[in-house]
Amino acid sequence: MTGGPDLVVAGAGGGLAGALRAAELGLSVLVVEASEHFRRGNNTSMSTAMFPGAGSRWQKAAGVEDSPDRFAADIAAKTGGRADARLARTLAEVSGPLVEWLADSAGLPLSLVTDFNYPGHSVHRCHSVPGRHGSSVIDHLARRVREHPGIDLLVPAELVDVATGPGGPGAAAGVRGAVVRYPDGTQEEIPAGAVLLATNGFGADRALVERHLPEIAGALYQGGERSRGDALRIGGGLGAATGYLDAYQGHGAVAAGAGTLVGWATIIHGGIMVDLGGRRFGDETRGYSEYAAELAARPGSTGWIVLDETIVEQCRPFQDFRDTVESGVLVRADDAEGLAEATGLPAGALARELEASGAAARGERPDEHGRTHWERPLAAPYAAVRVVPALFHTQGGLLVDGDAAVVDSGDRPIPGLYAAGGAAAGISGHGAGGYLPGNGLLPAFGLAYLAAGAIARRTTTREN
């Protein structure tokens, strides 16, 4: 990499996919990662590894009819039409090719998830790896990156700024290099043709969360510790536009006392959530993200997911759920009275909710909260786990175009500067209610993939 790499990638989450794609297209790449523990400490590694892919070959083999049009329509429906329409369309279109590339070129053992469907997806569209956990994704991609002769990995080192050429910051000047700080405090400017910011969002910066996401500021933060708004600071200094800073992915199902993810599959398979009064407080199937703030607003900011032994078995494919069971926080009881005793919930209220939700699941009466999706009624013996709300990651950031290029307030690309994942504004609209499962990984991997292609085209044009 004499004279500097073609591309510096800041962040070893979805940025690893961007690095592999760029190297595949003939670019020299340097990945800069601040944490030595990124294989267990970033948002990708903490995820359930769900990659939406519209029109993938796995869907076709399973007889699932899907298309980018249908995916874009689902995004519009879930966000109430408030998502970035250009970006939503771009990511819907790249989602199918992306999952096939992740399997065929990056070597991830993906398959279509068909045992349940997440809220907001009208068809089975999510693809995952065995164990359905992001740590195996990061382990695999990190190994591929370390083995690739065209990629160098610099860890630990933090990208603290992006240097631009003559003309000052903004769209008029191109990227000339990346400023990197090492653990001893020394800094170095590394010449580079382009920089991809894949540093995630600002979930670990409490002041930014309190400013932009006050409804979830008091909840548990369950994301990467390095998600401190670096992209906002660096991009802002270069004149980048920002948007959707009030958007985030929350989760209403983190196990109290264990910190593990119980998972919303428990709900989709027929589970219910009750507060400390033993009462349900909404249609749980609307989505786990919006339920974070709703749970945070209940007395004690906590509640219980009630399930049964059938659901326990149905959720075992998830490593997170297995970890929850093995932690010992799941309580079991032979009947409603025993469950009330085990959980400390009011026996009468809990029994009424179990009876009412069972009747709704059997189609005997409408659900008072409007829930229409019931896979089956719960049946004794029961199980339950106490849950707390959490903020997983933010969904607002630098505005990008269809090539993942960061743009200024006039929608003009800043030459050589790109963003992906939480560093970029996503496709979840505003707040938490627009989040679809996969809205974290798709922009992280999809925008990194698109950026690599755009940088390769730009480099080839410049050289010719």
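# Reading sheets, turns and cavities in a predicted model

Me: This is a predicted model. Which strands form the open sheet of three, and in what order?

Reply: A sheet is read by listing its strands in the order in which they lie side by side. Here three strands make an open sheet, ordered β3-β5-β4, and their pairing is antiparallel.

Me: Which strands stand at the edges of that sheet?

Reply: β3 (51–52) and β4 (111–112) stand there. Each has a single partner strand, so one side of each is left without a neighbour in the sheet.

Me: How many bridges pair β4 with strand β5?

Reply: Two bridges pair β4 with β5 (residues 126–128), in the antiparallel sense. To follow the pairing in the structure, find Ser-111, which stands opposite Ser-128 in β5.

Me: What is the strand order in the open sheet of six strands?

Reply: The order is β6-β2-β1-β10-β20-β19, and the pairing is mixed. Its edge strands are β6 (151–154) and β19 (405–407), each of which pairs on one side only. From one strand to the next, the twist averages 30°.

Me: Where can I see parallel pairing, and where antiparallel?

Reply: Take the pairs one at a time. Strand β1 (residues 7–10) runs parallel to strand β2 (residues 29–32), with four bridges between them. In that pair, Val-9 stands opposite Val-31 in β2. Strand β10 (residues 194–197) is also parallel to its partner β20, to which three bridges join it. By contrast, β19 and β20 run antiparallel and are joined by two bridges.

Me: Which residue of β20 stands opposite Leu-196?

Reply: Tyr-418 in β20 stands opposite Leu-196. On the β19 side, Ala-405 stands opposite Tyr-418 in β20. As for cover, strand β20 (residues 413–419) has five of its seven residues buried.

Me: What do β19 and β20 form, and how many residues lie between them?

Reply: They form a hairpin, with five residues between the two strands. Asp-411 is in the turn. Its phi is near 65°, a positive value in a residue other than glycine.

Me: Is Asp-411 buried or partly exposed?

Reply: The relative accessible area decides this: buried means under 20%, exposed means over 50%, and partly exposed is in between. At 40% relative accessibility, Asp-411 counts as partly exposed.

Me: Where is Asn-200, which also has a positive phi?

Reply: Asn-200 is in the loop between β10 and α8 (206–212). Its phi is near 65°. With a relative accessible area of 18%, Asn-200 is buried.

Me: Which residues does a cis peptide bond join before β7?

Reply: To spot a cis bond, look at omega. A cis peptide bond joins Val-155 and Pro-156, with omega about -5°. Pro-156 lies in the loop between β6 and β7. Another cis peptide bond joins Ala-380 and Pro-381, where omega is about 5°. Pro-381 is found in the loop between α15 (347–361) and β17 (382–394).

Me: How many residues of strand β7 are buried?

Reply: Six of the seven residues in β7 (158–164) are buried, so the strand is mostly covered. Six bridges join β7 to strand β8 (residues 175–181), and the two run antiparallel. One partnership to look for is Asp-161 with Val-179 in β8.

Me: How many cavities of 30 Å³ or more are there?

Reply: A cavity is read by its volume and then by its lining. The count comes to two cavities of 30 Å³ or more. The largest cavity has a volume of about 40 Å³. Its lining residues include Met-50, Val-113, Phe-116 and Arg-125. By class, that lining has five nonpolar, two polar and one charged residues.

Me: Why does the second largest cavity lie between two domains?

Reply: Look at where the lining residues come from. Domain 1 (7–205 + 395–463) and domain 2 (250–391) both give residues to the lining of this cavity, so it lies between them. Among the lining residues are Lys-78, Pro-119, Tyr-288 and Tyr-435. The largest share of the lining, three residues, comes from helix α11 (residues 288–296). The volume of the second largest cavity is about 30 Å³, and its lining has four nonpolar, two polar and two charged residues.

Note on methods
Residues are numbered from 1 along each chain as its sequence is written. This is a predicted model: local features need pLDDT of at least 70, side-chain atom pairs count only at pLDDT 80 or more; totals for chains, interfaces and linings use all residues. Side-chain values use heavy atoms; hydrogens and water are left out. Buried means under 20% relative accessible area, exposed over 50%, partly exposed in between (1.4 Å probe, protein chains only). Two strands pair if DSSP finds at least two bridges between them. On a 1 Å grid over the protein atoms alone, a cavity is a set of points where a 1.4 Å probe fits but cannot get out, and a pocket is an open set with protein on both sides within 12 Å along at least five of seven lines; lining residues have an atom within 4 Å of a point. Grid points are joined across faces, edges and corners, and a volume is the space filled by probe spheres set on the points. Ala, Val, Leu, Ile, Met, Phe, Trp, Tyr, Cys and Pro count as nonpolar, Asp, Glu, Lys and Arg as charged, and the others, Gly among them, as polar. Domain bounds come from an automatic or database domain assignment. Axes are lines fitted to C-alpha atoms, for helices over the stretch in contact, and angles run from 0 to 180 degrees between N-to-C directions.
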